[in-house]
Amino acid sequence: MRILLILFAAMAANAQMIERSCVGCHGVRIIQTQRLSKGTWERELDKMARWGWPGKDRDAVLAYLVQNFGDDKPAPPPVVSQDGRKK
Ligand code: HEC
């Protein structure tokens with residue numbers, strides 16, 4: 001049980017890290033909808049670095065992206081507005 005709590009705490013910390021370091025220039029959804037392989041995420045981070053991402057905690061960011069938004073993960077649910085249409 002304790003190990004689970006630690007795991008969740010670590011995941012929450014990583015999510016905050018993404019919020020902090022990736023969401024200055026755009027939203028999270030552009031990240032959540034990608035579903036890329038590890039190599040493609042690495043190239044994506046290279047591209048963000050060229051566009052001005054400082055690259056802090058790069059390894060941890062990469063691990064988080066692969067774990068949560070890897071190409072083996074299901075697509076996130078569509079954002080639906082109140083009238084039921086897809087946005
Ligand atoms: C210095 C600004 C900046 C930072 C910081 C930044 N990005 Fe981006 N990112 C951009 C721009 C500009 C685009 C293009 C936006 C658009 O097309 O609307 C983009 C687009 C993207 C895309 C969409 C695919 C693409 O390549 O166009 C992904 C995925 C992405 N960023 C991931 C990240 C991640 C992950 C981080 C944090 C590690 C991050 N970004 C941090 C500027 C930034």
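Two residues are in contact if their C-beta atoms, placed from the backbone, lie within 7 Å. I start with that rule since my notes lean on it.

**Ground rules.** I am reading a predicted model, where local features need pLDDT of at least 70, side-chain atom pairs count only at pLDDT 80 or more, and totals for chains, interfaces and linings use all residues. Residue numbers run from 1 along each chain as its sequence is written.

**Confidence.** I looked up pLDDT, the predictor's confidence in each residue, from 0 to 100. The chain averages 87, and 85% of the residues score at least 70. Among the elements of the chain, helix 3 has the highest mean pLDDT at 98, and helix 1 has the lowest at 75.

**Fold.** I took helices (H or I, at least four residues) and strands (E, at least two) as DSSP runs, numbered from the N terminus. I found four helices and zero strands, in the order α-α-α-α along the sequence. Of contacts between residues at least 6 apart in sequence, 64% join residues at least 24 apart.

**Helix 3.** This helix has 13 residues and reaches 19 Å from its first C-alpha to its last, close to the expected 18 Å (1.5 Å times one less than its number of residues). I then checked what follows helix 3: Gly-52, with a positive phi near 120°.

**Ligand shell.** Which residues come nearest to the ligand? Of the 17 around the ligand, they are Cys-22, Cys-25, Met-48, Gly-52 and Trp-53; a residue is near a molecule or strand if its C-beta atom, placed from the backbone, lies within 6 Å of it. Helix 1 (2-22), helix 2 (29-32), helix 3 (38-50) and helix 4 (58-69) each supply at least two shell residues, and helix 3 gives the most, with four. I sorted the shell into 10 nonpolar, five polar and two charged residues. Here Ala, Val, Leu, Ile, Met, Phe, Trp, Tyr, Cys and Pro count as nonpolar, Asp, Glu, Lys and Arg as charged, and the others, Gly among them, as polar.

**Ser-21.** I picked out Ser-21, which sits in helix 1. Is Ser-21 partly exposed or buried? Ser-21 is partly exposed, because 17 other C-beta atoms lie within 10 Å; buried needs 20 or more, exposed means 12 or fewer, and partly exposed is in between, with C-beta atoms placed from the backbone. Buried residues make up 3% of the 87 in the chain. Beyond neighbours within four places in sequence, Ser-21 is in contact with Trp-53, Lys-56 and Val-61. Ser-21 and Val-61 are 40 residues apart in sequence, yet 9.0 Å apart from C-alpha to C-alpha.
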